[in-house]
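Please work through the exercises below with the sequence and the coordinates side by side. Each task is followed by a solution in steps.

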Amino acid sequence: MNILRFLFLIPFLVICNSLTAENDTVFTPSARLGADLSGFARNLIEPETLTGEISLDIEWRKSHFVAIEAGLMQVDVQQETHRYQADGYFFRLGADFNILERSPDNPNDVLLVSLRYGYGKSDHEAPFIVIPDPYWGDHETSVSPESFQAHWLEAGIGLKTEIWNNIFLGWSLRGKLLLTSTSAPEMEPYYIGGYGKSGSNTRLSLLYSVLYRIPMR
Amino acid sequence: MQTPAPRFPHGRQWMIITLAALLFVPVACQEDEVCEEVTANDLRIGFYPFDNDEWWATIDSLLVFTLEKPDTPVHDTLYQVSILELPLNTNADSCSFIIDFFETRDTLWLEYQRETHLISVECGFTMFFTLTNIEFTENYIEGLVIEEPYVTNSLDEHITIFVPDTLPGDL
């Protein structure tokens, strides 16, 4: 897989980092604990898919963050001719870089450039299948539970802003590149937790989060 | 008096501007989930003049039924036939077809392996087949070749049947 596509981001990140010329206050390490709201919002549009996700980011050096995101996903599609179910977990590891000049009024607001590695593992099955056959008669069958895994990379931009006393709202727009996905050929996964719908090696997604900042000193 | 230089918008302004714009993204990116794919995978037979697989042969008329359901034709009388599509039995690993050319008849016995395949959660499942063996009578048919053993949702011709020389059809 062509990971080299992401190399163009390196000089961009270096420039962004140099632009965050912060010559003011003493740096205070902090962590943010967050919960993603986009999974619940998506569930309103696509009721067959439900994902829940939490995140933790730590500002270990001024404007440099390490981030971990983890979550669960569940799919249940019930149609007249079939039922498809899947459940699994996923996580992402990576880093964020703040490119926003910090104001004295809102010193904790950040505009972030993000890079992530993602991994997801799920089980899926089709306990009820009818294949219509007008001549020979409908065929009824099922597919037993099978596991599949996926690895992907993400690059994106996002914002976290303090709305009230260490409570933040944030969004992150992510471009995703699927590296590998393993599954039985008869049933490709419908949805990869943390990545999105399968069937394409690239995806664009949006995360909305509510976060709590934990001062570490 | 010196005018202050415009400042880069800060977090809350960015949040309001971008969140308002991004709220439209999920709606705009929502995919049409109507199933438009073909879910039946018929065996596709091309008729060709004997010793010539460049041009299709055209059969004036034919009728197809099965040994298993002799009273229910698969195809009632078809005219000017160069390509014939037959549904393989999704409930068994073999089936047979009788092709009635009106002056004479031939029978095909087909053996295959079946594999359930998910098209999409919107369209559901279909059956893919792998042809393993074909026996046939040679009353009108002069030869048969399996060109593509995998019967999936592609538009390939799976079998070539050679028949006595007739008026060539179009390519």
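The exercises that follow move from single residues to a sheet.

This is a predicted model, in which local features need pLDDT of at least 70 and side-chain atom pairs count only at pLDDT 80 or more, while totals for chains, interfaces and linings use all residues. Residues are numbered from 1 along each chain as its sequence is written, and chains are lettered from A and ligands numbered from 1 in the order in which they are written.

**Exercise 1.** Locate A:L33 and determine which residues it is in contact with, leaving aside its neighbours within four places in sequence.

Begin with the secondary structure, where helices (H or I, at least four residues) and strands (E, at least two) are DSSP runs numbered from the N terminus; A:L33 belongs to strand β1 of chain A, residues 30-36. Next, apply the contact criterion, C-beta atoms placed from the backbone and lying within 7 Å, which gives A:L56, A:L211, A:Y212 and A:I214 as the partners of A:L33. For A:L56, the C-alpha atoms are 4.7 Å apart although 23 residues separate the pair in sequence. Finally, A:L33 is partly exposed because 13 other C-beta atoms lie within 10 Å, given that a residue is buried at 20 or more such atoms, exposed at 12 or fewer and partly exposed in between.

**Exercise 2.** Examine the phi angles of A:S63 and B:F102, and describe the setting of each residue.

As background, most residues other than glycine have a negative phi. A:S63, which is not a glycine, has a positive phi of about 70°, and sits in the loop between β2 (49-61) and β3 (64-78) of chain A. With 18 other C-beta atoms within 10 Å, A:S63 is partly exposed. B:F102 likewise has a positive phi, near 80°, and lies in the loop between β5 (94-100) and β6 (105-120) of chain B; with 12 other C-beta atoms within 10 Å, B:F102 is exposed.

**Exercise 3.** In what order do the four strands of the open sheet of chain B lie, and which strands stand at the edges?

First take the chain as a whole: chain B has two helices and 10 strands, and 22% of its 171 residues count as buried. Counting strands as paired when DSSP finds at least two bridges between them, the order is β4-β1-β10-β8, with mixed pairing. The edges are β4 (83-86) and β8 (143-146), each with a single partner strand, so one side of each has no neighbour in the sheet. Strand β1 (residues 43-49) runs antiparallel to β4(B) and is joined to it by four bridges, with B:G46 opposite B:I83.

Technical notes. Two residues are in contact if their C-beta atoms, placed from the backbone, lie within 7 Å.
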